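Here is a request to go through a protein model by asking what its labels rest on. Each reply should set a value against the rule for the term.

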Amino acid sequence: MPFLQTNGIRLYFEEHGSGPPLLLIMGITAAGSVWEKHLAYWQKSFRCIIADNRGVGLSDIPAGPYTTAQMADDYAGLLDHLGLQAVKVVGCSMGSTIAQQLALRHPSKVQAMVLMCPWARCDNKAKAIFKNMVDCKASLKPEDFALHMQLLIFSKSSWDDDERVTEMEEGRKQASLQPDNQPLQGLEGQAAACASHDVLNQLSQITQPVLVIGGSADIFTPGWMAKEVAANLSNATLHLYNGKGHVFHWEELNDFNERVEKWLLSH
């Protein structure tokens, strides 16, 4: 399995497909494998690079707190290891904050970005959500924590869809069979990075083209966050899926995969 030492940790990564390099950075609690439904589509056009963020999966899970700047440096080390410059980047949720820092700290490494359900800063409610997530992880059974997360990330349209509800039930069962998917220490570190991320006053320094994309009914990272990011970037396009939640990219899978691929190929 491919590992490398970067920024003081051992990072697990994979490569799929061929073409222009595309770095995919996943969100809080999630390993790189969660890109599966998008990777299957995009790897036909791109050399897709995925990794487990520090704090989850097969990568090291050091004591926190972590920062998004620190995690961006993890990925800068990965790109150096692969001998890559000016890659295209897609970051989901926490991954979008890492992507922002990558563009700010290592601008030559980023050609264009897709920022999914992003934020540039947390208000008091967002900070409380991240703290509550850690508290729930510490006190709930794995399947109950999985339900807590599903309530945050899926929109009403998914909860009204019997097939989707069945899929969510199966997801909670799987969580009960894999209780150590992310240790509490890893979530604590990642949640601290999410809550402390604040680059609003630096976003204007990012000159690369950016697609900001999210769901209008996202209660985890609400639409105002995506709008604020887009408004403070110098070269951004904003698209919000009407009535969709934090996982709009699953709820509108086909449109999302095609839309992002088309945008990336043209930038």
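What follows is a set of questions and answers on rings, cysteines, a pocket and the backbone.

Q: What kind of model is this, and what is left out?
A: This is a predicted model, in which local features need pLDDT of at least 70 and side-chain atom pairs count only at pLDDT 80 or more, while totals for chains, interfaces and linings use all residues. Residues are numbered from 1 along each chain as its sequence is written, and side-chain values use heavy atoms, with hydrogens and water left out.

Q: How many aromatic pairs are there by the rule for ring pairs?
A: Rings of Phe, Tyr and Trp (its six-membered ring) pair if their centres lie within 6.5 Å; planes under 30 degrees apart are stacked, over 60 edge-to-face, and the rest tilted. The count by this rule is eight aromatic pairs.

Q: Why is the pair of Phe154 and Trp250 called tilted?
A: The centres are 6.2 Å apart and the planes differ by 35°. That distance is within 6.5 Å and the angle is neither under 30 nor over 60 degrees, so the pair is tilted. Phe154 is in the loop between helix H5 (142-153) and helix H6 (156-159), and Trp250 is in helix H10 (residues 248-251), 96 residues apart. Helices (H or I, at least four residues) and strands (E, at least two) are DSSP runs, numbered from the N terminus.

Q: Why is Phe154 called buried, and why is Trp250 called partly exposed?
A: Buried means under 20% relative accessible area, exposed over 50%, and partly exposed in between (1.4 Å probe, protein chains only). Phe154 has 11%, so it is buried. Trp250 has 24%, so it is partly exposed.

Q: What makes the pair of Tyr241 and Phe248 stacked?
A: Their planes are 25° apart, under the 30 degrees of the rule, and their centres lie 5.7 Å apart. Both Tyr241 and Phe248 are buried. Ring pairs join these two with Trp35, Trp42 and Phe256 in a cluster.

Q: How do you know that the charged end of Lys37 sits over the ring of Trp250?
A: The rule asks for NZ of Lys or CZ of Arg within 6 Å of the ring centre and within 35 degrees of the ring normal. The charged end of Lys37 is 5.9 Å from the centre of the Trp250 ring. Arg54 lies over the face of Tyr66, at 5.6 Å from the ring centre.

Q: Why do Cys92 and Cys117 not form a bond?
A: A disulfide is a pair of cysteine sulfur atoms within 2.5 Å. The sulfur of Cys92 is 4.3 Å from that of Cys117, its closest cysteine sulfur, so the two are too far apart for a bond. For Cys194 the closest is in Cys122 at 7.1 Å, also too far. The structure holds zero disulfides. Cys92 is buried at 4% relative accessibility, and Cys194 is buried at 0%.

Q: What is unusual about phi at Cys117, given that most residues other than glycine have a negative phi?
A: Cys117 has a positive phi of about 40° although it is not a glycine. Its place is the loop between strand E6 (110-116) and helix H4 (124-139). Asn7 also has a positive phi, about 55°, and lies in the loop between strand E1 (3-6) and strand E2 (9-16).

Q: What makes the peptide bond from Gly64 to Pro65 cis?
A: Its omega is near 0°. Pro65 is in the loop between strand E4 (47-51) and helix H2 (68-82).
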